[in-house]
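Subject: Structure handover

Hello,

Here is the structure for you to take over. Please open it alongside this message.

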Amino acid sequence: MIDRRTTEEKLKRMEELMRPIEQQLMMCDDMQDQLMMASCMMVTGRDLFEQHLGEEGAKEMFVSFCKENGYE
């Protein structure tokens with residue numbers, strides 16, 4: 001399926017989707033809560049990538065992310 005939205009529309013939607021996550025982060029009591037939430041988000045993200053892109057596609061996404069952000 002091709003997403004025909006403009007980059008601006010996609011960014012606006014991404015901001016909208018992030019609002020509840022940012023609110024949840026503000027509800028964290030301490031660093032441990034934030035790290036637990038981050039860990040859960042990583043697992044959920046991995047599961048979503050694997051579900052939609054397959055295991056190899058998910059690996060490519062994570063490798064690309066790591067390289068682009070200096071985690072090689």
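Below is what was found, by topic.

Please keep in mind that this is a predicted model.

Helices

Start with α1, which spans residues 7–26. This helix has 20 residues. From its first C-alpha to its last it reaches 28 Å, close to the 28 Å expected at 1.5 Å a residue. There is still a kink in α1, of about 35°, at Arg19. The proline Pro20 comes shortly after that point.

Leu25 also belongs to α1. Leu25 counts as partly exposed, because its relative accessibility is 31%. Its C-alpha lies 7.8 Å from that of Met37, with the two positions 12 residues apart in sequence numbering. Met37 is one of the buried residues of α2.

Now α2, residues 31–68. How far apart are the end C-alpha atoms of this 38-residue helix? They are only 26 Å apart. A straight helix would reach 56 Å at 1.5 Å a residue, so α2 falls short of that span. Look at Leu53: α2 bends there by about 125°.

The buried residues of α2 are Met37, Gly45, Gly57 and Ala58. Glu68 lies in α2 as well. Is Glu68 buried or exposed? Glu68 is exposed, because its relative accessible area is 63% and the cut-off is over 50%. The C-alpha atoms of Glu68 and Glu9 are separated by 24 Å, and the two residues are 59 apart along the chain.

Pockets

The largest pocket has a volume of about 510 Å³. Two elements, α1 and α2, each give two or more residues to its lining. Which of the elements gives the most? That is α1, with 6 residues. The lining of the largest pocket includes Arg13, Met14, Leu17, Met18 and Ile21. Asp3, Arg5 and Lys10 are also among its lining residues, as are Met41, Gly45 and Leu48. By class, this lining divides into 6 nonpolar, 1 polar and 4 charged residues.

The second largest pocket has a volume of about 320 Å³. Its lining has 8 nonpolar residues, 1 polar and 1 charged. Three phenylalanines, Phe49, Phe62 and Phe65, are among the lining residues. So are Ala38, Met42, Arg46, Met61 and Cys66.

Met41 and Gly45 line the largest pocket, and both also line the second largest pocket. Gly45 is also on the list of buried residues in α2.

Cysteines

How many disulfides does the structure hold? The count is 0. Cys28 is in no disulfide, and the nearest cysteine sulfur, that of Cys40, is 10 Å away. Cys28 counts as buried, because its relative accessibility is 18% and the cut-off is under 20%.

Why is Cys66 not bonded to another cysteine? The closest cysteine sulfur, in Cys40, is 19 Å from the sulfur of Cys66, which is too far for a bond. A disulfide needs the two sulfur atoms within 2.5 Å. Cys66 is partly exposed, with a relative accessible area of 27%. Cys66 is also one of the residues that line the second largest pocket.

When you open the model, three places to view are the kink at Arg19, the bend at Leu53 and the lining shared through Met41 and Gly45.

Best regards

How values were computed
Residues numbered from 1 in each chain as written. Predicted model: local features only at pLDDT ≥ 70, side-chain atom pairs only at ≥ 80, totals over all residues. Heavy atoms only, no water. Buried < 20%, exposed > 50% of the residue type's maximum accessible area, 1.4 Å probe, protein only. Helix = DSSP H or I, 4+ residues; strand = E, 2+ residues; numbered from the N terminus. 1 Å grid on protein atoms, 1.4 Å probe; cavity = no way out; pocket = protein on both sides within 12 Å on 5 of 7 lines; lining within 4 Å. Points joined across faces, edges and corners; volume = space filled by probe spheres on them. Nonpolar A, V, L, I, M, F, W, Y, C, P; charged D, E, K, R; others polar. Bend = angle between axes of the 7 residues up to and from the residue.
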